[in-house]
Amino acid sequence: MMTRRVFLRNGSAALVSLGFTPAFIARAAQATQARKKIMIAIFQRGAVDGLNMVVPFGERAYYGNRPSIAIPRPGAENGALDLDGFFGFHPRMAPLHQYFKDGNLAIVHASGSNDDTRSHFDAQDYMESGTPGLKSTRDGWMNRYLHAKDHAERSSPFRAVALTQALPRSLQGTAPALAIGQLGQFGIRAGQDGDVMMSSFESQYAKAADTLLGSTGREAFDAVKMLRDANPAGYTPANGAEYPRSGFGEAMRQIAQIVKADLGLEVAFAELGNWDHHANEGGAVGQIANRLDDFAGGIAAFARDLGDRMADVVLVTMSEFGRTVKENGNRGTDHGHGNAMLILGGPVKGGKVYGKWPGLEREQLYQGRDLAITTDFRDVFVECLTGHMAARDVSKVFPGHQAAAPLGLIRS
């Protein structure tokens, strides 16, 4: 069945990308009758220093290579938060520490893409397309998953949502997806002001929709009304959750709203940048500490807000590559290779750092400078899709990739 892609702009900040088949509203209503399994992907753009986020404090070479930016061992002032006697969280990751201890948060260290590019643009593209080294791929791995699973049953316009200004590479493709910069700019403000906004938006959009897109255009507008009816303007986070007052914190808050509104969400995407710390990275305090405050605080607030609903959710984090093991002359780190991924959720077999640790002695490093990769990032995504989202065949999601033996991240 042919679909159409609609691009709407209301004001300067809200970009919506919708692809619908006719009469989706009836299917959307059916989708809300049963809670779906949900996967959330978070991209740390700019290449986070995974060695200072998940600290190998048991590795002597870690301290030898980082005289000014290493995180002290557990027990010291501003020391790492012990995970398993060898690895520890950066102290600003404290909001997530209990989730690890409770068995709901897992880590895969020494993970990433085996392509050796050190270009942010190429590495991010490869991670989102799911085809490292291949620049000709037109769609993203999350979109291919949606298409391969049940492309004949596009049950809800909110099946795939990115809380970003533009649709991310990983959600681009033939399956319908939404990019929403701000829910409040999506024509859904409650009360009198919201009604005025909706009326204005409808009058501006209706003529173009009817002329150019017919019923499909009207369905796109119905999606706006459908989300308005969920009344996110009146949303209050549950369980005392307090989101960071940041773009990322707000994105996580809004994903929680969509999850709890039962609008048929299956996959969601959020991102936060400014991890490219070539100079003055800092250790327990400084630039990376401030970014980890936002990162860990936003994820922990989301999990606290959802409460029992986390039984339906798996959240996975990624970054295009890691940083050099040795700090540079500017007390920062340069573009590296291996990194750490976090996986959080009720179905996750947490409380463990997964993956084979390659070591940080010079002869163990990739190209003599970087953390080597022992787990392909696609293998982590495959486990999330097959173990949690019940994907039967991921050969079209990650074409040409032969998945390794499962790490065992997801409970059976």
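These are my notebook entries on two nonpolar cores, one helix and one glutamine in a predicted model.

**Entry 1: the largest core.** I looked up the largest nonpolar core first. It has 52 residues. Phe295 and Phe302 have the most contacts inside it. I then listed the elements that give two or more residues to this core. The helices are H4 (94-101), H9 (247-260) and H10 (287-306). The strands are E3 (38-44), E7 (105-112), E10 (267-272), E11 (313-318) and E12 (339-345). H10 supplies the largest share, 10 residues.

**Entry 2: around Phe295.** Which residues does Phe295 touch, not counting those up to four places away in sequence? I found Ile42, Gln44, Met53, Met93, Phe248, Leu272, Trp275, Thr317 and Leu342.

**Entry 3: another core.** Apart from the largest core lies another, of 39 residues. I noted Met127, Trp141, Phe381 and Ile410 among them.

**Entry 4: helix H5.** I went to H5 next, residues 120-129. Of its 10 residues, 8 are buried, so the helix is largely enclosed by the rest of the structure. The buried ones are Asp122, Ala123, Gln124, Asp125, Tyr126, Met127, Glu128 and Ser129. Met127 also belongs to the core of 39 residues. Just after H5, I read a positive phi of about 80 degrees at Gly130.

**Entry 5: Gln98.** I checked Gln98, which sits in helix H4. Its relative accessibility is 41%, so I count Gln98 as partly exposed. I also took the C-alpha separation of Gln98 and Leu83: 10.0 Å. The two residues are 15 residues apart along the chain.

How values were computed
Residues numbered from 1 in each chain as written. Predicted model: local features only at pLDDT ≥ 70, side-chain atom pairs only at ≥ 80, totals over all residues. Heavy atoms only, no water. Buried < 20%, exposed > 50% of the residue type's maximum accessible area, 1.4 Å probe, protein only. Helix = DSSP H or I, 4+ residues; strand = E, 2+ residues; numbered from the N terminus. Core = buried A, V, L, I, M, F, W, Y, C linked by side-chain atoms within 4.5 Å. Contact = heavy atoms within 4.5 Å.
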